[in-house]
Amino acid sequence: MPEAPKKSFKATGHDYCLAEKNKKALQFIEDVTTNADQVQKRVLAEILTRNAHVEYLHRHGLGGHTDRDTFKKLMPVITYEDLQPDITRIANGDTSLILCSNPISEFLTSSGTSGGERKLMPTIEEELERRSLLYSLLMPVMSQSVQGLEKGKGMYFLFIKSEAKTPGGLVARPVLTSYYKSSHFRERPYDPYTNYTSPNETILCPDSYQSMYSQMLCGLVQNKEVLRVGAVFASGFIRAIRFLEKHWTLLCRDIRTGTIDQQITDPSVREAVMRVLKPDPKLADFVEGECRKESWQGIITRLWPNTKYVDVIVTGTMSQYIPTLDYYSNGLPLVCTMYASSECYFGVNLNPLCKPSEVSYTLIPTMAYFEFLPVHRNNGTNSISVPKSLNDKEQQDLVDLVDVKLGQEYELVVTTYAGLYRYRVGDVLRVAGFKNKAPQFNFVCRKNVVLSIDSDKTDEVELQAAVKNAVNHLMPFDATLTEYTSYADTTTIPGHYVLYWELSLRGSTPIPPSVFEDCCLTVEESLNSVYRQGRVSDKSIGPLEMKIVESGTFDKLMDYAISLGASINQYKTPRCVKFAPIIELLNSRVVSNYFSPKCPKWIPGHKQWCNKN
Ligand code: AMP
């Protein structure tokens with residue numbers, strides 16, 4: 001992820017001293033990781049002191065106590081659903097001090113969903129500073145491993161998403177949209193580490209085609225200056241390459257003539273692009289020559305020859321994109337710099353050139369108060385088991401940041417300055433090591449998520465409900481669904497969900513393809529709003545595909561799993577498959593396949609807000 005302005009480690013006076021700033025940032029990391037426990041104690045006391053009078057803490061009887069023991073004894077460990085009534089009050093315009101003594105400045109809409117809608121995370125103005133601080137650590141860390149990054153630019157594909165207003169008038173938008181629109185980003189002073197090929201106007205353009213086109217054009221015309229490339233998530237970066245594959249002729253024409261294609265109508269974008277665009281037939285010939293070649297292997301290093309690394313998150317579900325990135329970048333280092341969420345920005349990777357499989361994030365103890373709920377693996381199935389709700393003892397037994405054990409897995413629980421108290425984030429992390437006293441975590445997974453292509457996160461229960469709705473289309477044909485599973489197919493760009501269905505057909509009328517297509521669309525209509533936004537607005541997810549498999553396929557799947565050591569008694573059909581031989585087995589038995597014929601419905605904002613925005 002790109003670097004933010006150095007709010008926190010600003011050089012004094014006019015003499016700009018990068019080395020000094022880097023040193024200060026690295027010293028900050030040393031200090032807070034060395035004193036991790038003291039910092040955590042202070043953070044909790046600060047949060048509880050300033051919020052001593054808020055309704056939520058009173059409700060649980062905290063009554064001004066700011067010590068860890070009383071906090072752990074009285075405050076429940078919660079999920080979003082527990083908080084929803086309070087969130088709804090805030091969204092509807094209740095400005096009393098419910099969660100936080102600072103005014104809630106906006107809601108950050110998480111890609112995690114509840115009841116099919118994005119979760120709304122309250123935030124306060126000063127959290128922007130905290131996010132900026134985390135960003136400001138990234139390049140000083142990076143500069144220890146890669147020298148000279150200040151001598152060129154970063155080509156990052158960054159986008160804003162649509163925003164909505166709650167009935168009470170608060171803005172609700174994703175955290176990065178909030179950040180890019182903030183003065184922290186827009187009005188950042190010159191800094192060689194935040195020197196991007198994309199002018200702000202191109203990033204802030206709400207039209208995703210115009211935004212991508214103009215960012216790619218600016219990246220191409222400054223190709224020699226580019227030292228690092230990236231996007232937030234791997235999926236976004238691959239989409240940018242795909243965009244280039246589709247639109248390079250237009251882009252080359254613009255480079256040749258020094259004019260911008262007419263489809264780019266946003267005046268501020270046109271003006272910003274014109275500041276960097278000059279007729280350059282030589283460059284146009286070069287780009288055209290490279291794009292025309294049959295193979296796109298190494299296209300990144302061919303078009304941007306000075307690139308030293310690709311800055312994208314490839315941990316968690318994004319690891320599915322590693323082979324594609326390796327192909328396009330000819331094996332450049334894939335760098336995962338940070339771990340963050342709408343609830344809170346968590347930590348940084350202090351060893352950014354490590355292999356993606358070894359990435360660990362050091363949680364920065366000033367960001368929030370962190371606790372850890374131990375996670376266990378089921379014997380036999382090795383699946384993760386985390387209790388849904390905790391008893392009193394379990395609530396008190398949550399582990400503090402400095403007390404986690406090497407190799408153990410935990411669910412992350414945060415208490416934030418913005419008014420989340422002992423909130424379960426839903427991520428499972430494994431302790432991989434320590435930086436001084438602060439643990440470093442591998443990201444293991446998001447709890448329960450079975451399918452993900454971009455920022456969508458579909459869990460088993462949602463998938464089951466969506467399939468149940470779709471199966472209704474089969475009733476008139478006296479057909480029933482005997483088994484199903486799913487697969488996130490990222491070999492297409494954008495990737496798409498695939499469902500494998502095995503049917504039992506008793507009726508004599510054949511089922512027309514249009515009925516299966518209706519099934520596909522019904523599944524999509526039933527999935528959460530992040531999925532549907534990915535389909536409709538971001539175009540980051542392709543049409544859902546349904547593959548009908550021969551009868552007996554799922555028995556074969558079970559035989560195969562048992563041959564690999566699964567227990568017959570415990571065997572359950574997996575609702576999502578990832579293992580290549582299993583996908584091959586399923587694909588070898590497909591009798592027909594269908595795609596969703598159109599996009600599902602999606603509107604910005606929650607459906608219960610009646611789209612008053
Ligand atoms: P959101 O609330 O939409 O911002 O999504 C935040 C979630 O994205 C986190 O809770 C993680 O599940 C996931 N995420 C964020 N950063 C990373 C990372 N570096 N590696 C893996 N997953 C991540």
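A residue is counted as near a molecule if one of its heavy atoms lies within 4 Å of it. The legends below describe close-up views of a predicted model.

**View 1. The residues that surround the ligand.** The shell around the ligand holds 14 residues, and those that come nearest are Ser 111, Thr 315, Met 338, Ser 342 and Asp 427. By character, the shell divides into seven nonpolar, five polar and two charged residues. Strand 9 supplies three residues, the largest share of the shell. At least two residues each come from strand 1 (106-114), strand 9, strand 17 (423-435) and strand 18.

**View 2. Polar side-chain atoms beside the ligand.** Ser 111 places a polar side-chain atom 2.5 Å from an oxygen atom of the ligand. Asp 427 has a polar side-chain atom 2.6 Å from an oxygen atom of the ligand. In the side chain of Thr 315, an N or O atom lies 2.6 Å from a nitrogen atom of the ligand. On its own the ligand has 500 Å² of accessible area, of which the protein covers 90%.

**View 3. An open sheet of eight strands.** The strands follow the order 9-10-11-18-17-16-12-15, and their pairing is antiparallel. Strand 9 (338-340) and strand 15 (399-400) stand at the edges; each has a single partner strand, so one side of each is left without a neighbour in the sheet. In general, strands of a sheet pair through backbone hydrogen bonds, in either a parallel or an antiparallel manner.

**View 4. The pairing of strands 11 and 18, with the helix that packs on the sheet.** Strand 11 (residues 361-363) is joined to strand 18 (residues 438-446) by two bridges in the antiparallel sense. Within this pair, Thr 362 stands opposite Gln 440 of strand 18. Helix 6 (residues 127-145) packs on the sheet and touches strand 9 and strand 10 (345-348). The direction of helix 6 makes about 15° with that of strand 10.

**View 5. Two loops with unusual backbone angles.** Most residues other than glycine have a negative phi, and most peptide bonds are trans. Arg 422, in the loop between strand 16 (409-415) and strand 17, has a positive phi near 50° although this residue is not glycine. Which form does the peptide bond from Ile 493 to Pro 494 take, cis or trans? This bond is cis, with omega near -5°. Pro 494 belongs to the loop between strand 21 (479-489) and strand 22 (496-505).

Definitions and conventions: Residues numbered from 1 in each chain as written. Predicted model: local features only at pLDDT ≥ 70, side-chain atom pairs only at ≥ 80, totals over all residues. Heavy atoms only, no water. Pairing = 2+ DSSP bridges. Helix = DSSP H or I, 4+ residues; strand = E, 2+ residues; numbered from the N terminus. Contact = heavy atoms within 4.5 Å. Axes fitted to C-alpha atoms, helices over the stretch in contact; angles between N-to-C directions. Polar contact = N/O pair within 3.5 Å; in protein donor to acceptor, adjacent residues only side chain to side chain. Areas by Shrake-Rupley, 256 points an atom, 1.4 Å probe, with all protein chains shown as cover. Nonpolar A, V, L, I, M, F, W, Y, C, P; charged D, E, K, R; others polar.
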